[in-house]
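Q: I am new to this structure and should be grateful for a close look at one part of it, set in its wider context.
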Amino acid sequence: MYKIKNLFMIICSIAVVLVNLSPSMEALAVEDSDLPEPILRVENERIGDGYFTNLNENVDDLKSLDEGTIIVRFRNTGSSIMSLFSLSNSDVRDGHFHMYVTPTTLGSENRLEKPDTAKENIHVHSNAKLEVGAVHTVAMVVDKDKGYKYFVDGELIMEDTQSPVKFLSNIYQPDSAQLGRTDRAAGSNEYPFSGDIDFAEVYNQPLNDQVLLDITGETDQEKKLNPLPEDALITEPDSVFYPGFMDSNNYRIPALLYTEDNTLIAGIDRRVNHGGDSPANIDAAVRRSFDQGDTWEEDGIIVNNYPDQASNIDLTLLQDKTNERIFALVDGFPQGGGFWSAKKGSGFKTIDGEKYMLLTDEDGNEFTIRDNGVVYDASNNPTDYSVDQKRNLYLNDEKIDNVFSATTPLKAYLTSYLELYYSDDEGETWTGPIDLNDEVKEEWMSFLGTGPGNGIQLTQGPNKGRLVMPVYFLNDAGKQASAVVYSDDHGETWHRGESPNEGRDVGNGQTINEKDFSNSSYEITEAQVVEMPDGQLKMFMRNFSGYARIATSFDGGETWHSEVVVEEDLVAPYSQMSAIRYNGQIDGKEAVIFSSAGNSSQRINGKVRVGLIEEDGTYENGETKYAFDWKYEQLVKEGHYGYSSLTNLENGEIGLFYEATGNTNMDFIKFNPEFLKWKKYKDNEKPNLVSFEVTDNDKSLYKSGDTIKVEAQFDDYVMLMGEKQLVGTIGDKTIAFDLVEQNGSFVFEGTVPELEDNQYDMNVAFANQLDIYSVKGESFEKDSESSTIDTTIGIGVSPNSVEIDQSNVNLVEGGKTIQLSTSVNPIDATILDLQWESTNTDVATVDEDGIVTSVNPGTATIKVTANGEFTDEITVTVEALDVTALETIITTAENISNADGSYTEESFQALQTAIADAKSAVESIETEEDVTNAVAALQGAIDGLEEASEQDSDDNTDENGDSSNTEDENENSSNTEDENGENQEQSSNGDDNELPNTATPMYNWMLIGLLLITIASGLLLYRRKTLLNRN
């Protein structure tokens, strides 16, 4: 059981390991999968200002492909339709394939133009986030069996299995292949690209999804969010109108109103038969919410529904707060009518000073609609026809048609009609239309239409209570101009104010007028109006500049100041915009809330901005001049963002209704000022160089002609464009490093110039013509300190080895020294750097010249390194020196006296000299051998004492007095020694004349003891080994 349990545990452990390894094994399989060779690869191309990359030599390789893969990595600086890659017949307009991008689209067109064949265009495209200035990787797969796939920055964004599958072989007689444009017949749009192409590849087969996800994923565009403040409110987008709702698949032109009774009304164009403008079947519709947009009523409400292709388009909503009547101002078009097809004129005819709506029959006979809807003929006689308020046509009181329809016997004049509807029940039912053309449209206007979006009611100044609705018109020259219509009697009658283009100062002493200006750069179109604190009006107007333009009125919109300002802080494309006065203050100031697409030329990336209202002097008429501090802006919608409409809600909240797609989904969100103040995304960081170094770590010396490698490592993906080189110097010689490898890091190689053997300073930096971009398009700062290498390298013959000439060394403690030396192989090797090191400086130290100094007993390893690469080492043993034997024999020798003249003067003086030498040796001795030698030398001097002859002794006695005195002295000496407790034998001048006992016997005993200890140790080791062997 125990063994089974162990086996079970082992199997489970193996299973866990395999499960954990499986993802990494899969990733490894992907990484190691061999990509086929592309039939075309182009790198490092900068395109723009008329330059493109000619690939004509590859046409023959490309034109036969009926399936394959295209991968392009790029950084675009343009915002129009731009060709990345193309194959074309340059002699025709529509004989080309091209893969293209815009800031919001990735697509391809495959156009066939061939004699005796109907033209064909297979257009496959998908929404994509391709931010201008950022680095993106896109891929397109054409598979004969599976259709099309698009990849963008690590994401599969589209699969199309429905479109006909055609690739490059579909192009008839192609003669041109290019990067950065499409070569077409003269006068055609060539879709020029502007920016950098890192690489473009074409494969002759579909690549698998994982490979393309990995390749395109290198430029993943994920943004880093800051936390949302706790007091910030932002709701998820809610599609108020969407395909299938109210029996329509298309919607456009949002308008939003929050009423005095807390009803939120969303107005829209219900575009039934297609998403385009008039002429089309378009109805004005609304949908309501009674909880500030949290929920919406189940069904929408049709404001008016004309038959056939007649239309109501472009709602503007406004409530008169004095009576709570809600107004909806819209454009009306009869069958076939639209912005460009509308004819000049109001559609009304003046008879006896009164204006009546004009009708005509199929023969061109004129009729007019008089009081109570009765139709009169041209002779001013009533007919049997009548028309009701909804333009229904009656014959003898029987409804037969509508004067806006395609089939009516009496047709309205084909122009635009400014129509007013109103509701007194919170938008549930609507009355109208009420024609305003007879009041506000000039006969020289072909079109007069709404803002669209919101109107306002003035709250300040002499025109307090006035209803103001923005409009715009086509003038006598076919150019657009903004204006307002206004009512001072709660919507009973209306007037049109002048356009800001009436008397507008356009510079150089020139002014224009609204009726006949003809320069497109002065056009101002759809607009929104905001009231300033003193009742002054600011009108924000659509135009062609890439920014909002603002006009100022001091009289409620009747006339406008001659200066039309370009508000360069409000980037906006040629598209409608929304602006409202905020109900409250932001940062203690009155404010305007503004909404538009955040791109100067594309309807993408919706932004809401906060403009704090500030006084900025006065006008020449003494009126206050207001300016805006656009302090905050918030991205509310990435990708497509078209028309929009703002409104104030309860509790300081703001509602926003906007076109989330081109013509299908119309979304609502609400937020508060704290959301607008939120810095949503962290700042894009510039590329960070984490390492930049010479990587030839196995080399200590280089020879002229050798390769030097330098590696640059960044903390995230970067794209290199331009001159992909490093430049530098070695000594006084220049060196260039070319990029040779790019795989997470960048490896550059350079060649060592001709130089003498020596050590040199080397400096390396990025080339001036090399640009380095992060994924977000931020440029690397090449002049930073971290972006250069300052080091030294050696030039010469590299050694194979280095050796210390000395074997292991023994020293005694106390500062004894020895000089070490080295040898190298080969003998002509260049040693530029020799480093000495001790592993234990408490035992021995070594200096830069190889001199070893003893410190304390123990062992230390002395290591030498040549050129930072080759090493050798020896062991130094420092011993504790025992000089006891020497000190003992010195004491013995010093006790030998020659007072009685027993020894010859010469031998006794030799002993004294030996004693002095022994004392000196105690201080300088280094080894045990030195101790033995010193002891032997002193013993030799003792042994060398010679007895004096009797004559010498008598002479000595005579010289020193009576011999008995000497004996007494010797006796005293002996007594002194006894008193000191010495056990030594007394010196004796007995009859035998024996030499005195010295240290020699003691030294011999010491040697015998050492020998016995050695033997015992050996026996002990032998015994231990025997026991171990037995075991």
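How many helices and strands are there in the chain? After that, please look closely at strand β4 and the nonpolar core to which it contributes.

A: The model is a predicted one, and the chain contains eleven helices and 67 strands. Of its 1031 residues, 48% count as buried. Among contacts between residues at least 6 apart in sequence, 62% join residues at least 24 apart.

Strand β4 comprises residues 82-88. It is mostly covered, for seven of its seven residues are buried. Two partners of β4 may be described. With strand β5, residues 96-102, β4 pairs in the antiparallel sense over six bridges; here leucine 87 stands opposite phenylalanine 97 of β5. With strand β11, residues 176-179, the pairing of β4 is again antiparallel and runs over four bridges. In β11, glutamine 178 is the bridge partner of serine 86. As a general matter, strands of a sheet pair through backbone hydrogen bonds, either parallel or antiparallel.

The largest nonpolar core has 38 residues, and β4 gives the most to this core, with four residues. The members that touch the most other members are Leu62, Phe74, Phe85, Phe97 and Val138. Phe97 is also the residue that leucine 87 faces across the pairing with β5. In soluble globular proteins, nonpolar side chains tend to be buried together.

Phenylalanine 74 shows how parts of the chain meet at this core. Leaving aside its neighbours within four places in sequence, phenylalanine 74 is in contact with residues including Leu84, Val101, Leu130, Val138, Phe193 and Ile197. Its contacts also include His136, Asp196 and Asp198.

Helix α3, residues 209-216, offers a related view. Its buried residues are Val211, Leu212, Ile215 and Thr216. These residues lie on the same side of α3 because they cover an arc of only 115 degrees around the axis. Among the elements that cover them are β3 (68-76), β8 (135-143) and β12 (195-203), together with β9 (147-152) and β10 (155-160). At the start of α3, a side-chain oxygen of asparagine 208 reaches to within 3.0 Å of the backbone nitrogen of glutamine 210.

Other parts of the chain provide further context. In helix α6, residues 884-894, the buried residues are Ala885, Leu886, Ile889, Ile890, Thr892 and Ala893. Seen down the axis of α6, they fall within an arc of 160 degrees, so they line one face of the helix.

A buried polar residue is found in strand β26, residues 398-402, namely asparagine 402. Asparagine 402 has a relative accessible area of 4% and is therefore buried, the limit being under 20%. Its side chain is joined to that of asparagine 392 by a polar contact of 3.1 Å. Beyond its neighbours within four places in sequence, asparagine 402 is in contact with Tyr306, Pro307, Lys390, Arg391, Asn392, Leu393 and Thr408.

Finally, an open sheet of three strands has the order β61-β65-β64, with antiparallel pairing. Its edge strands are β61 (817-819) and β64 (844-846), each of which pairs on one side only. The twist averages 20 degrees from one strand to the next. Strand β65, residues 851-854, pairs with β61 over three bridges, and valine 852 in β65 stands opposite isoleucine 818.

Terms used:
Residues are numbered from 1 along each chain as its sequence is written. This is a predicted model: local features need pLDDT of at least 70, side-chain atom pairs count only at pLDDT 80 or more; totals for chains, interfaces and linings use all residues. Side-chain values use heavy atoms; hydrogens and water are left out. Two strands pair if DSSP finds at least two bridges between them. Helices (H or I, at least four residues) and strands (E, at least two) are DSSP runs, numbered from the N terminus. Axes are lines fitted to C-alpha atoms, for helices over the stretch in contact, and angles run from 0 to 180 degrees between N-to-C directions. Buried means under 20% relative accessible area, exposed over 50%, partly exposed in between (1.4 Å probe, protein chains only). The arc is that of the directions from the helix axis to the C-beta atoms. Contact means heavy atoms within 4.5 Å. A polar contact is a pair of N or O atoms within 3.5 Å; within protein, one must be able to donate a hydrogen and the other to accept it, and residues adjacent in sequence count only if both atoms are side-chain atoms. A nonpolar core is a set of buried Ala, Val, Leu, Ile, Met, Phe, Trp, Tyr and Cys residues joined through side-chain atoms within 4.5 Å.
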